[in-house]
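Here is a protein model to explore together. Take a moment to turn it around on your screen, and then we'll walk through a few of its parts.

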Amino acid sequence: MEQFLLVLLIVFLAVVAIQAVYYLLIFGKFSFAKNEKIAPKHISVSVIVCAKNEEENIKNYLPLLLNQDYPSYEVVVIDDASSDETIALIEDFQTRHANLKLVKVENNEAFWGNKKFALTLGIKAATKEYLLFTDADCYPASTEWIAEMTSHFTMHKTFVLGYGAYEKEPGFLNKLIRFETLLTATQYFGWAKIGKPYMGVGRNLAYKREEFFKVNGFINHMKLRSGDDDLFINEASTKAKTAISFNPEGFTYSRAKESFGAWFMQKRRHVSTAKYYKGFDKSQLALFYCTQLFFFILPIPLLLLQFQWIIVLGAIGFRYIASWISLGFSAGKLEEKDVMYWYPILEIILIFTQINVFFRNIFSKPVTWK
């Protein structure tokens, strides 16, 4: 029995060491990075938005896209066969804004409900060299959004990963959603800083138009309903080509889901694309989440039997200090400090939610792109 507990202790310490490497060395590349303001480039940009039955969001958020403090840009709104007043609203805006373009997508039996098909048509209709993406239910944090995101483009940096935040609302679910968003951003920003970009979010993402056509767009995963953002970045971006933007002026915001069930379905859609990532990216994500889970499971028998409990508690404390510091600095950059007060509880709930999502996705698949 003692020998078994010794092996368990060694495995637990290895888990803690791996978690520390992730939080301090990998995620820390972003968490501890300096936030430097870069001068605007003023390059010509096409802002691309895909909308499906989004009349309220078009009414509220399209004016914020059309009134950016930027000299040369167009807004391309793709109506993906809406059945409400989305098209009528966009056409009304067109009468007052010459830089607004509408792309109408008719129902197509082969690509019905496929956001990637709609986006492809929008990208082909765009006339500018650089493309900046957001969703119809998102809005920019400031009139400097385009200027901030595009300032990170250079001759070699042709992808810019931004932060898509959620509005702060009362309630525990809102904190859970924003904590998950914070953790995800810390991960993909950290790996991008190391030189291994693996995903971005369509709520706030930019790349040079030619990069889309170099890989034939979404052709390699067109049949998948999700992944227009993360699978594309996973396939097309590289260390030399990728930059990140984390100045608050360059954030986008949207409303978080208001029920756990709705958020859970959203999580299922997002997670369903991860199995199509490159082998290294799948492995590093699996290692992080497995060690995160084992960190909570392995100490239980050790503490119950009081086996080397001082070492176990010390390791637990070290891991929490490392993760709290790393995520705390990240939360400061991404203006999510308030969620860190609930960190231990939010992390535990999120872990077991992810386990539930994983097993649910094995037996059934989410279908819609929204």
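Let's start with one residue, Leu303, which sits in helix α12. Keep in mind that you're looking at a predicted model. Is Leu303 buried or exposed? Neither, actually: Leu303 counts as partly exposed because its relative accessible area is 31%, and that label covers values between the 20% and 50% cut-offs. Leaving out residues up to four places away in sequence, Leu303 touches Trp309, Val312, Leu313 and Ile316. For a sense of scale, pick out Met155 as well: Leu303 and Met155 are 148 residues apart in sequence, and their C-alpha atoms are 55 Å apart in space.

Helix α12 also turns up as a packing partner of helix α11. Helix α11 covers residues 279-297, which makes 19 residues. From first C-alpha to last, α11 reaches 27 Å, close to the 27 Å expected at 1.5 Å a residue. Which residues of α11 are buried? They are Asp281, Gln284, Leu285, Phe288, Thr291, Gln292, Leu293, Phe295 and Phe296. If you look for a pattern in that list, a rule of thumb helps: an α-helix has 3.6 residues a turn, so residues three or four places apart point the same way. The buried residues of α11 pack against α1, α7, α9, α12, α13 and α14.

Now for some strands. Strand β2 (residues 73-80) pairs with strand β3 (residues 100-105) in the parallel sense, over six bridges. One place to spot this is Val75, whose bridge partner in β3 is Leu100. To get from β2 to β3, the chain passes through helix α4 (residues 86-94), and this β-α-β crossover is right-handed.

Next, the empty spaces. Here are two of them:

| Space | Volume | Some of its lining residues |
|---|---|---|
| Second largest pocket | about 330 Å³ | His152, Lys193, Ala243, Ile244, Phe246 |
| Largest cavity | about 90 Å³ | Ile48, Lys115, Phe133, Leu205, Asp228 |

The second largest pocket has 19 lining residues, and the five in the table are those nearest its centre. Helix α7 and strand β9 are the elements that give two or more residues to that lining, with β9 giving the most, three residues.

How many cavities of 30 Å³ or more does the structure hold? There are three. Around the largest cavity, β1, α5, β4 and β8 each supply at least two lining residues. Besides those in the table, its lining includes Val49, Cys50, Thr134 and Tyr207.

Definitions and conventions. Residues are numbered from 1 along each chain as its sequence is written. This is a predicted model: local features need pLDDT of at least 70, side-chain atom pairs count only at pLDDT 80 or more; totals for chains, interfaces and linings use all residues. Side-chain values use heavy atoms; hydrogens and water are left out. Two strands pair if DSSP finds at least two bridges between them. Helices (H or I, at least four residues) and strands (E, at least two) are DSSP runs, numbered from the N terminus. A crossover is right-handed if, with the strands pointing away from the viewer, the path from the first strand over the helix to the second runs clockwise. The expected span of a helix is 1.5 Å times one less than its number of residues. Buried means under 20% relative accessible area, exposed over 50%, partly exposed in between (1.4 Å probe, protein chains only). Contact means heavy atoms within 4.5 Å. On a 1 Å grid over the protein atoms alone, a cavity is a set of points where a 1.4 Å probe fits but cannot get out, and a pocket is an open set with protein on both sides within 12 Å along at least five of seven lines; lining residues have an atom within 4 Å of a point. Grid points are joined across faces, edges and corners, and a volume is the space filled by probe spheres set on the points.
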